[in-house]
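Reader: I have a structure open in front of me and would like to learn how to read its strands, its sheets and its overall form. Could you take me through them step by step?

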Amino acid sequence: MQSDVLVIGSGIAGLSFALKVSTFCSVTLVTKKARTDTATNLAQGGIAAVLAQGDNPDFHVKDTLRSGDGLCDEEVVRLVVENGEARVRELMDIGVCFQKGKNGEEFDLGMEGGHSQRRVAHAFDLTGHEIERALLEKINQQPNVTILEDHLAIDLLIASKTARFSADKRRDRCIGAYVLNRKSGEVETRLSRTTVLCTGGCGKVYLYTTNPDIATGDGVAMAYRAGAGIANLEFIQFHPTCFYNSRIKNFLISEAVRGEGGVLINNEGKPFMLEHDKRGDLATRDAVARGIDAEMKASGADCVYLDITHRDPDFIRNRFPTIYNTCKKYGVDITKEPIPVVPAAHYMCGGVKVNTWGETSLPDLYALGETACTGLHGANRLASNSLLEAVVFADRAATHFKKHWPEIKKRGFLNTSEWRDGAAGSMEENVLISHNWDQIRRLMWDYVGIVRREKRLQLARRRIMPLLEEIKEHFDDYLLTADLIELRNIAVIADLIITSATLRKESRGLHYIVDYPARDDIHYRKDTVLNKKNKPGAASC
């Protein structure tokens, strides 16, 4: 089970990278469920890039830096922004159909919170689905790419730990991954010359999230266990507007609804965002999420409302067909009544720390997309910059890999140890997993959410430690299942988020802590970087 490249994840980043490198090497792409079960496929808003007359890269850079609240890497921001138009046009060449503007304009560009210009290219409110469709069609035409659905990566293969030779640890590297075949139940040893983590985010670590069920932070957890650096996990973006309805979960109401004039109102029908931020309903996501959180706490209401009924009904139905039809299906006609919404965990601004080529601190391991921390987002991601980051860094990683391919392809595949189940037995009571899963998600929502307190973080730290130890026992004592692997990963992610939040004793961007309400540029204008060697109070899981 060998290939030149092992890509873990089938979203926009993984597919883009695989497509580019498959012209000269073999690629195995593993995805934990179906190939379309990705956050990319659910992305509504679009991809931000400088595409209009009157806009320019400096404006986009400025908006991104402002949103990142002093923590963006300006070199990375400029690099991504200046490559934006080329990557959008490349997607068009692949077959992505962005919505055209009126009067022959090339794009119908949307406006979203935090942007000073209309610059969001979209395919109505199904942009991610359209991008995923086009990329998969191209990938399916590539004979060098093998896609394995229902394959869940367990752990990375590290030369010094799994190869049958005496490795020089100073030159240690990633040589593939152990992967669970969910249909057969067998653990496969997938060897590669280079491995790419594109597993998306970690929204399922929280009780309420807009993310798909696959978002359990697998790539970050695996990279951490392998010894790679993890940065800025205290910055978890809560999307302000998740549809509040007991009959449907995870349905996002796009930022673009507010960009097209939607107004947030409380349960008395009064607009409230100007009381929390001078930018009102078009403030950045951190400000809007905190505004909604404060409004709900003050009133005791279960939700607030997003009202776009003042716009023409035909415009609403044509601009937001998915949102209109879904809300209508669940009893809300958004042309006539406001949409009930609540904040929900949405995007992981931190991740596996990488350089400007997507390389991690572990040789032969790249990380792309939401799994990576590139320096673009800083303390808060600007709306629709995520798809942009994914395609720009996928291109850069592929370029870097191609440059070094002549030397990489000379490496032989190492003879490695197979996965050993030992005397592990089958877990007959799944309640052991579901109970721990529920405990972690409620702990994170209540103690490490939109607004934080030092006391709550300390309590979260004390409560996560025994859970980590208990989950380790489950992992050692029972045969592997997908649920157990994901439980182990969200426990690690929860631990890393709590630790990162505890270390940052200031409020910045998405990390708002009542005990330290001011930004402290003297001591904390830097990344929070954790690895197994420097993480305080590290528990093994």
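Author: Let us begin with a single pair of residues in this predicted model: Val 263 has Asp 307 as its bridge partner, and Asp 307 belongs to S12. That bridge is part of the pairing between strand S11 (residues 263-265) and strand S12 (residues 304-307), which run in the antiparallel sense and are joined over three bridges.

Reader: Which strand does S12 pair with over three bridges, besides the one you have just named?

Author: S12 also pairs with strand S13 (residues 339-348), again in the antiparallel sense and over three bridges. To find this pairing on the screen, look for Val 304, whose bridge partner in S13 is Val 341.

Reader: While I follow such strands, how should I think about the side chains?

Author: As a general idea, side chains in a regular strand alternate between the two faces of the sheet.

Reader: In what order do the four strands of the open sheet that contains S9 lie?

Author: Reading across that open sheet, the order is S16-S14-S9-S19, and the pairing is mixed. Its edges are strand S16 (372-373) and strand S19 (529-530), each of which pairs on one side only. Within the sheet, strand S9 (residues 230-231) and strand S14 (residues 351-353) pair in the antiparallel sense over two bridges, and there Ile 230 stands opposite Val 352 of S14.

Reader: Is strand S1 (residues 2-8) largely enclosed or open, and why?

Author: A residue counts as buried when its relative accessible area is under 20%. In S1, six of the seven residues are buried, so this strand is largely enclosed by the rest of the structure.

Reader: Which strands pair with S1 in the parallel sense?

Author: One of them is strand S8 (residues 187-197), which pairs with S1 in the parallel sense over six bridges; here Ser 3 has Ser 192 of S8 as its bridge partner. Strand S2 (residues 27-30) also pairs with S1 in the parallel sense, over four bridges, and in that pairing Ile 8 stands opposite Val 30 of S2. Between S1 and S2 the chain passes through helix H1 (residues 12-21), and this β-α-β crossover is right-handed.

Reader: Where does Lys 32 lie, and is Lys 32 buried or exposed?

Author: Lys 32 has its place in the loop between S2 and helix H2 (39-42). With a relative accessible area of 9%, Lys 32 is buried. A polar atom of its side chain lies 3.0 Å from the backbone oxygen of Ile 214. Leaving aside residues up to four places away in sequence, Lys 32 touches Asp 150, His 151, Leu 152, Arg 182, Ile 214, Thr 216, Asp 218 and Glu 486.

Reader: Stepping back, how many helices and strands does the protein have, and how compact is the protein?

Author: The protein has 17 helices and 19 strands. Its radius of gyration is 22 Å, close to the 24 Å that the globule rule gives for 541 residues, so the protein is as compact as a globular protein of that length. Taken along the principal axes, its C-alpha atoms fill a box of roughly 70 × 55 × 50 Å.

Reader: What percentage of the residues count as buried, and what area does the protein expose?

Author: Of the 541 residues, 61% count as buried. The protein exposes about 21,500 Å², of which carbon and sulfur atoms supply 47%. Among contacts with a separation of 6 or more, 74% come from residues 24 or more positions apart.

Notes:
Residues numbered from 1 in each chain as written. Predicted model: local features only at pLDDT ≥ 70, side-chain atom pairs only at ≥ 80, totals over all residues. Heavy atoms only, no water. Buried < 20%, exposed > 50% of the residue type's maximum accessible area, 1.4 Å probe, protein only. Pairing = 2+ DSSP bridges. Right-handed = clockwise from strand over helix to strand, strands pointing away. Polar contact = N/O pair within 3.5 Å; in protein donor to acceptor, adjacent residues only side chain to side chain. Contact = heavy atoms within 4.5 Å. Rg over C-alpha atoms; globule rule 2.2 N^0.38 Å. Areas by Shrake-Rupley, 256 points an atom, 1.4 Å probe, with all protein chains shown as cover.
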